[in-house]
Amino acid sequence: MENKVILSGIQPSGIPTLANYVGALRNWKLLQNGNDCYYCVANMHALTVRQNPDELRERSLSMAALIIAFGIDPVKSPLFIQSDVHQHAELAWVLDCNTYMGELNRMTQFKDKSAKHADNINAGLFTYPVLMAGDILLYQADVVPVGNDQKQHVELARNIAIRFNNAFGETFKVPEPYIPKIGGRVMSLTDPEKKMSKSDPNPNSYISILDDPAVITKKFKRAVTDSEGRIAYEDGRPGMNNLLSIYCSMTGKTMDETLREFDGAGYGTLKTAVADSVIEVIKPVQETYYRVLNDRAELERIIKDGAQRAAETAEKTVDAVYRKVGLR
Ligand code: AMP
Ligand code: TRP
């Protein structure tokens with residue numbers, strides 16, 4: 001693959017889960033080699049839900065520390081906080097004026113989130129996919145590593161880019177989503193019909209990246225499976241399929257290799273092995289995280305530098321867009 005531009009973001013809405021790692025952050029790291037990557041803490045997105053200002057500030061910084069702990073090298077790949085690069089807000093408005101209400105009405109995440117936060121269905125929640133399209137298009141990204149739940153938003157970004165290019169001349173690169181074949185949708189451990197989510201009120205349903213090893217083992221032991229009694233990857237067995245997929249993702253093994261390894265084994269053996277594989281990946285991440293977070297001055301320097309470098313690229317796009325639409 002020739003050098004591509006990669007962009008992705010994560011909301012600082014809580015401590016990331018194993019699902020964020022398997023679905024997205026793992027690929028952020030893998031794509032760093034040979035590509036130009038930009039990674040952002042999407043704090044403006046988090047405002048779509050009411051936030052405590054001090055907590056939001058703190059969580060944005062700790063999310064940056066976690067991204068570094070996951071193996072993102074901020075020297076190679078600018079790592080920044082979205083609101084530190086004002087071009088995100090600027091492009092979003094122009095794109096808002098080039099997006100149809102009908103398109104946004106079809107976004108499944110909007111429907112889910114407005115059902116969950118029925119007392120605060122604000123306009124930002126509705127136009128949030130346009131802000132995200134701007135995040136991507138500002139950097140002329142080719143590839144956007146995300147979990148399955150963001151696929152529809154990346155498709156919207158593609159449609160907006162194509163529409164804008166047709167109306168104003170070639171301006172934006174048309175991006176592609178990059179979703180893992182195994183693990184694009186990690187499921188809840190307590191209700192495997194639902195996706196694993198860091199905002200789930202039941203902490204047993206997810207593995208937090210900062211969970212202790214003993215807690216991780218306990219959560220996997222209690223994970224809901226089924227009564228088939230066989231280890232196999234099959235339709236209609238979401239709990240079993242979820243454990244197998246997590247194991248593949250942690251170990252880098254294929255599904256065939258994994259199924260051979262557990263041929264004839266019991267559920268308990270599989271659950272312990274999955275827990276151990278997760279602990280092995282997570283432990284060094286936790287150690288690095290606390291080290292990075294404790295050097296506040298250095299962390300603040302890193303994100304300031306990231307924002308400056310990101311803004312250089314972003315300003316080129318905003319300048320071109322403002323000229324094309326007649327704002328400059
Ligand atoms: P968020 O926590 O919503 O900011 O999501 C950060 C990244 O994790 C996005 O790329 C999501 O698509 C991905 N992600 C979130 N939940 C899951 C899940 N259950 N399975 C796989 N990927 C996920
Ligand atoms: N909306 C994404 C989520 O909730 C996070 C995000 C914001 C993002 N901006 C992005 C992902 C740009 C990819 C590219 O998961």
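A nitrogen atom of ligand 1 lies 3.0 Å from a polar backbone atom of M196 in this predicted model. Taken alone, ligand 1 exposes 490 Å², of which the protein buries 91%. A second backbone contact involves Q11, where a polar backbone atom is 3.0 Å from an oxygen atom of ligand 1. The side chain of K198 also takes part, with a polar atom 2.6 Å from an oxygen atom of ligand 1.

The shell around ligand 1 holds 17 residues, and those that come nearest are G147, D149, V186, M196 and K198. M196 and K198 thus belong to this nearest group and also make polar contacts with the ligand, M196 through its backbone and K198 through its side chain. By class, the shell consists of six nonpolar, seven polar and four charged residues. Helix 1, which spans residues 18-30, gives the largest share of this shell, namely four residues.

**The second ligand**

Ligand 2 is surrounded by 13 residues, of which Q11, Y128, M132, D135 and Q150 come nearest. Three side chains offer polar atoms to this ligand. That of Q11 places a polar atom 3.0 Å from an oxygen atom of ligand 2, and that of D135 has a polar atom 2.7 Å from a nitrogen atom of ligand 2. The side chain of Q150 has an N or O atom 3.2 Å from an oxygen atom of ligand 2. On its own, ligand 2 exposes 370 Å², and the protein buries 91% of that area.

Strand 1 and helix 7 each contribute two or more residues to the shell around ligand 2. The largest share, four residues, comes from helix 7. The shell is made up of seven nonpolar, five polar and one charged residues. Q11 touches both ligands: its backbone has a polar atom 3.0 Å from an oxygen atom of ligand 1, while its side chain has a polar atom 3.0 Å from an oxygen atom of ligand 2.

**Pockets and cavity**

Ligand 1 sits in the largest pocket, and ligand 2 sits there too. This pocket contains about 1400 Å³ of space. Its lining draws two or more residues from each of strand 1 (5-10), helix 1, helix 2 (43-46), helix 6, helix 7 and strand 4 (143-145). Helix 1 provides the largest share of the lining, six residues. In all, 48 residues line the largest pocket, and Q109, K113, D149, Q150 and K195 lie nearest its centre. Of these, D149 is also among the residues that come nearest to ligand 1, and Q150 is among those that come nearest to ligand 2.

The second largest pocket holds about 320 Å³ of space. Its lining comprises 14 residues, with R26, N27, P180, K181 and I182 nearest the centre. Helix 1 and helix 10 (238-251) each supply at least two residues of this lining, and the largest share, three residues, comes from helix 1.

The residue classes of the two pocket linings are set out below.

| Pocket | Nonpolar residues | Polar residues | Charged residues |
|---|---|---|---|
| Largest pocket | 19 nonpolar | 19 polar | ten charged |
| Second largest pocket | seven nonpolar | four polar | three charged |

The model also has one cavity of 30 Å³ or more. The volume of the largest cavity is about 50 Å³. Its lining is formed by M107, Q109, F110, K113, L125, F126, Y128, P129 and H153. Helix 6 and helix 7 are the elements that give two or more residues to this lining, and helix 7 gives the largest share, four residues. By class, six of the lining residues are nonpolar, two are polar and one is charged. Q109 and K113, which line the cavity, are also among the residues nearest the centre of the largest pocket. Y128, another cavity-lining residue, is one of those that come nearest to ligand 2.

**Loops at either end of helix 7**

N122 lies in the loop between helix 6 (108-116) and helix 7 (123-138). The side chain of N122 reaches the backbone oxygen of T48 at 2.9 Å. N122 and R222 are 100 residues apart in sequence, and their C-alpha atoms are 38 Å apart in space.

Q140 is found in the loop between helix 7 and strand 4. The phi of Q140 is near 55 degrees, a positive value in a residue other than glycine. Most residues other than glycine have a negative phi.

Note on methods:
Residues numbered from 1 in each chain as written. Chains lettered and ligands numbered in written order. Predicted model: local features only at pLDDT ≥ 70, side-chain atom pairs only at ≥ 80, totals over all residues. Heavy atoms only, no water. Near = heavy atom within 4 Å. Polar contact = N/O pair within 3.5 Å; in protein donor to acceptor, adjacent residues only side chain to side chain. Areas by Shrake-Rupley, 256 points an atom, 1.4 Å probe, with all protein chains shown as cover. 1 Å grid on protein atoms, 1.4 Å probe; cavity = no way out; pocket = protein on both sides within 12 Å on 5 of 7 lines; lining within 4 Å. Sits in = over half its atoms within 2 Å of the grid points. Nonpolar A, V, L, I, M, F, W, Y, C, P; charged D, E, K, R; others polar. Points joined across faces, edges and corners; volume = space filled by probe spheres on them.
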